[in-house]
Amino acid sequence: MAVVRLRSPLRELAGGQAELAVEGATLGEVIRCLERSYPRLSGWVLDEQGEVRPHVNLFVNGERSPLDTTLSARDEIHVLAAISGGAVQTAVRSARTRGADEDQAELLVGTRKGLFVLRGPRGGAGGQMEQVARRFSGQVVEFASRDPRTGTYFASVTHGQYGPRLYVTEDPLGEWEQANGPAFPEGAGATIERIWVVQPGEGPDEVWAGVAPAALFRSDDGGRSWSLNDGLWNEPSRPSWQPGAGGMCLHSICPWPDDPDRLAIGISAAGVWLTDDGGKSWRRGNRGILAKYLPEEAREGAVDLCVHNLYRMPHEPETLYLQFHGGVYRSDDAGESWADIGTDRGLPSDFGFPLVADPHDPNRAFVIPLRGDFDRVTPDGKVRVFETRDRGESWNALTDGLPQNNAYLTVLRQAFGHDGGDPLGLYFGAESGEVFGSADGGATWNVVAEHLAPVTSVRCG
């Protein structure tokens, strides 16, 4: 038997054992035997295709070795994380406290250095919120949210060396359980790079997840286990899809209220996709979107469309809002076609990532513009949330309480969310580690938290 030596966090997944005797004629057989003996290790060292993860190193008797290395009795194997892993993004997730006090809120703030749970006054009114817990320390929390139907919390966590995985819990201050997936099935020829979004569906216990490389997964048990949507994965045009700067990511999932068969998704940079049969078949929904980043002669009929964010209005599902890579759009026909609402309407820039729409008012939406892909910071050194109350015919800057001098913040794709209240509570976070909140629909803002690690996603449950 070979002797396998494990360090944290793998040691904890193997029942706290740092040294294990494992059978196997080759290094690959030993690692697979180890995974069978300790199922919690599955997916940490080897990816879905059975290959060693890019930032994991295997050593036999002190030498870096491939999986087909032949072993002798008492060979010593070390499983080590690389000194440097991949650079990945984070999440902020925000949710109203489900307690009796409607003036209190709970925020799930994901960062490049773990998940922070904050509680305090809604919108940060009266002072900053209290940090009550930190989870997944040292790891990137891409996304964290709460399913309002069941009370289940989700956290998408990416370890710099051991890759991405999804966790669930009923109490964000308690223990988190690793879900079974999302993961590509054997033979798919792909490995999950990042879990971008988790979205409650319309069917009982139905939950959707969007990942890179641009795949959609479905769970029918509240997020505990997952299956790949084959219709989208096998879409004939997939070989021609092009990734955006953040990779080939499926980041937006928009269910149709009370109809689990209808879904709209956003992919960077493959545009908007629609299904009416629960994902068995898909069609593009890109008519009217103009890719200004392409040469003018190449824009007509272009399909490499870099959608940054997509939101459906729950009480008027035919209406969707879209933040594009240079453009803000609205659809009035469920995503089949789009109207430009970002040009000459009062925005300092039509480039950006964050997007929120008022779930109670289909005429009202919010964006946080950035200068452009050449300089992804707030224009003119002013942090401004722009609001429309007339479906994008005009935009108004909301600035009260936000820094307006020499404030070059970057607000990322998922870094803006609402709490569904009336008046609407809004929260957004920046890569500078600040989180801002409003309890009055953006009329006034407060600093909810500061000096955190970079923030990428804000959602309220």
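A disulfide here is a pair of cysteine sulfur atoms within 2.5 Å. By that yardstick the structure, a predicted model, holds zero disulfides. Take C306: the closest cysteine sulfur to its own belongs to C249 and sits 7.5 Å away, which is too far for a bond. C306 is nonetheless tucked away, being buried with a relative accessible area of 8%. C33 also counts as buried, with a relative accessible area of 18%.

Stepping back to the overall fold, the secondary structure comes to three helices and 33 strands. The radius of gyration is 23 Å, close to the 23 Å that the globule rule gives for 461 residues, so the protein is as compact as a globular protein of that length. Along the principal axes, the C-alpha atoms fill a box of roughly 75 × 50 × 45 Å. Some 58% of the 461 residues count as buried. As for contacts with a separation of 6 or more, 52% of them come from residues 24 or more positions apart.

Strand β18, covering residues 249–256, is a good place to look inside. Eight of its eight residues are buried, so β18 is largely enclosed by the rest of the structure. Its antiparallel partner is β19 (residues 259–268), and seven bridges join the two. Within this pairing, C254 stands opposite A264 of β19. The hairpin of β18 and β19 has two residues between the strands, and D258 takes a positive phi there, near 70 degrees. Just past β19 comes another backbone oddity: the peptide bond from S268 to A269 is cis, with omega near 10 degrees. A269 itself lies in the loop between β19 and β20 (271–275).

Strand β11 (residues 153–159) offers a closer view of a single side chain, that of S156. S156 is buried, with a relative accessible area of 1%. A polar atom of the S156 side chain lies 2.8 Å from the backbone oxygen of I195. Setting aside neighbours within four places in sequence, S156 is in contact with V140, V141, E142, F143, R165, L166 and I195.

Further along the chain, four strands form an open antiparallel sheet in the order β30-β31-β32-β33. β30 (416–418) and β33 (446–449) stand at the edges; each has a single partner strand, so one side of each is left without a neighbour in the sheet. Direction ignored, neighbouring strands of this sheet are turned by 25 degrees against each other on average. In the middle, four bridges join β31 (residues 426–429) to β32 (residues 435–438), which run antiparallel. One of the pairs there matches L426 with S438 of β32. The loop between β30 and β31 is where P423 sits, and the peptide bond leading to P423 from D422 is cis, with omega near 5 degrees.

Some further backbone angles deserve a mention. Most residues other than glycine have a negative phi, and most peptide bonds are trans. Against that background, R74 has a positive phi of about 70 degrees although it is not a glycine. R74 is found in the loop between β4 (63–64) and β5 (76–81), where it is exposed, with a relative accessible area of 74%. D380 is another such case, with phi near 65 degrees. The loop that carries D380 runs between β27 (365–370) and β28 (385–388), and D380 is exposed too, with a relative accessible area of 56%.

Methods:
Residues are numbered from 1 along each chain as its sequence is written. This is a predicted model: local features need pLDDT of at least 70, side-chain atom pairs count only at pLDDT 80 or more; totals for chains, interfaces and linings use all residues. Side-chain values use heavy atoms; hydrogens and water are left out. Buried means under 20% relative accessible area, exposed over 50%, partly exposed in between (1.4 Å probe, protein chains only). A polar contact is a pair of N or O atoms within 3.5 Å; within protein, one must be able to donate a hydrogen and the other to accept it, and residues adjacent in sequence count only if both atoms are side-chain atoms. Contact means heavy atoms within 4.5 Å. Two strands pair if DSSP finds at least two bridges between them. Axes are lines fitted to C-alpha atoms, for helices over the stretch in contact, and angles run from 0 to 180 degrees between N-to-C directions. The radius of gyration is taken over C-alpha atoms; the globule rule is 2.2 Å times the number of residues to the power 0.38.
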